[in-house]
Amino acid sequence: MDWTDPDTFAQALEQAETKEKGNYFENFEEGDVIEHDPGLTLTRFGNEQWMSQTLNHDPAYWRTDAARARGFEDPPIHPDYLTAATLGITVEDLSEKGGYFLGRTDVRFPEAPVYAGTELHVESEVVNRATSSSRPEYGIVSWRTRGKDAETGDVLCSYERTNMIPRRDPVATDGSGAAAAEADDGPELSDEFITPDGGYYEDFAEALETAADENAAVAYRHERGRTQDDVTVASLPLSTLNTAKQHHNVDVMADSPSGDIVTYGDVTRSTALGHARSDEETWREVGFDDESFHTFVAVGDTVYAFTRVLEAESGASSDEAGTVRFEHIAFNQNDEPVYSGTRTAEIRKRPN
Ligand SMILES: CC(C)(COP(=O)(O)OP(=O)(O)OC[C@H]1O[C@@H](n2cnc3c(N)ncnc32)[C@H](O)[C@@H]1OP(=O)(O)O)[C@@H](O)C(=O)NCCC(=O)NCCSC(=O)C[C@H](O)C(=O)O
């Protein structure tokens with residue numbers, strides 16, 4: 001019998017069992033620790049590919065003289081690429097089954113830079129699992145993940161991430177989650193928005209002082225946008241070993257709510273942060289909190305960024321910088337927020 005005859009093969013496909021990938025909600029128990037099998041050597045090529053496609057052009061990550069002026073030995077691995085690679089490695093075990101990357105918090109990096117050639121090993125612990133009150137076919141799982149230097153065991157990047165994960169057995173729901181969300185209108189916007197004059201620490205601190213006097217907010221938008229294409233949607237996540245079908249399987253995604261492959265959350269976020277960093281003198285990334293992904297970004301969508309400055313404090317790990325806390329909102333061509341999160345970064349002080 002010719003198994004490639006179309007009718008025979010259609011019957012064979014129907015009879016065959018699929019060897020499934022990924023884990024359902026029911027496979028996760030609080031306290032489980034998962035050592036992820038994939039590992040990744042952080043290379044200068046991988047770093048530059050990520051940084052160039054997301055418009056992150058801080059010279060210290062590209063040029064040796066600029067790196068040395070920042071106190072690095074060589075251009076280091078950028079924290080965005082490190083974060084994306086740490087998460088990418090976990091997808092096969094944690095989220096390949098599908099579902100939505102909802103958010104992440106407590107993203108932290110040590111002070112010491114990470115250099116090309118470092119091999120990354122990643123582990124995750126299940127820290128929470130809950131039923132979704134609005135979506136019976138999903139549960140909500142949070143993991144604490146640590147990306148480590150395979151040689152020294154030093155933690156290079158850690159965070160807590162939350163995803164919706166498909167249930168093997170959907171449960172009944174009362175829909176109370178959706179109802180609760182409607183109740184909160186939140187505070188009103190300030191009448192006046194102030195834009196910092198420049199990108200140094202003092203520009204942010206001065207703008208905040210002016211805003212406090214005038215009951216205004218320090219908030220502004222960035223001009224650049226990045227339309228999503230095959231490289232950002234499919235290639236970048238695959239370069240971090242991210243096996244989520246959302247980013248590279250058009251066939252499966254045609255039947256999903258988005259109807260198409262969607263951008264990896266870390267690409268959306270890094271692109272918006274690239275726009276924001278192009279208008280500041282970044283010294284060092286300290287951490288990120290309260291990150292949320294609000295809606296899908298797909299091929300053809302354009303990612304823009306909006307920034308609100310929340311706090312400024314003159315102390316930092318170097319006398320040459322102060323510390324600023326921002327809220328960044330990525331939005332699309334229809335002005336819909338697609339990502340938001342707070343970021344703490346050291347920003348260079350104005351040279352005398
Ligand atoms: C995912 C959405 C379709 C949800 O929309 P909607 O139903 O309107 O949202 P709710 O706000 O009601 O949230 C649903 C439930 O999820 C809980 N939730 C939401 N955010 C968080 C959070 N940050 N932490 C914890 N829990 C959260 C709510 O409390 C609700 O719970 P319940 O009421 O009990 O049901 C929509 O938000 C959406 O489309 N978001 C975009 C998702 C996205 O595009 N993510 C990035 C791309 S996918 C990706 O990168 C995958 C990645 O590779 C990976 O593998 O992780």
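A residue is taken to be near the ligand if one of its heavy atoms lies within 4 Å of it, and the legends below use that meaning for a predicted model.

**View 1. The residues that surround the ligand in the predicted model.** In this view 28 residues surround the ligand, and the closest of them are Ser95, Ser132, Ser134, Arg161 and His247. Sorted by class, the shell around the ligand holds ten nonpolar residues, 16 polar residues and two charged residues.

**View 2. Polar atoms of the protein beside the ligand.** In the side chain of serine 95, an N or O atom is 2.6 Å from an oxygen atom of the ligand, while a polar side-chain atom of serine 134 lies 2.5 Å from an oxygen atom of the ligand. At phenylalanine 101 the backbone takes part instead, with an N or O atom 3.0 Å from a nitrogen atom of the ligand. On its own the ligand has 1,100 Å² of accessible area, of which the protein covers 75%.

**View 3. The elements that contribute to the shell around the ligand.** Two or more residues of the shell come from each of β3 (101-108), β6 (155-166) and β10 (282-293). Of the elements, β6 gives the most to this shell, with four residues.

**View 4. The crossing of helices α2 and α7.** Helix α2, which spans residues 44-53, and helix α7, which spans residues 230-239, have axes that come within 11 Å and cross at roughly 155°. Because angles over 145 degrees count as roughly antiparallel, α2 is described as roughly antiparallel to α7. The crossing of α2 and α7 is left-handed.

Technical notes: Residues numbered from 1 in each chain as written. Predicted model: local features only at pLDDT ≥ 70, side-chain atom pairs only at ≥ 80, totals over all residues. Heavy atoms only, no water. Polar contact = N/O pair within 3.5 Å; in protein donor to acceptor, adjacent residues only side chain to side chain. Areas by Shrake-Rupley, 256 points an atom, 1.4 Å probe, with all protein chains shown as cover. Nonpolar A, V, L, I, M, F, W, Y, C, P; charged D, E, K, R; others polar. Axes fitted to C-alpha atoms, helices over the stretch in contact; angles between N-to-C directions. Parallel < 35°, antiparallel > 145°, perpendicular 65-115°, else oblique. Left-handed = near helix turned anticlockwise from the far one by under 90°.
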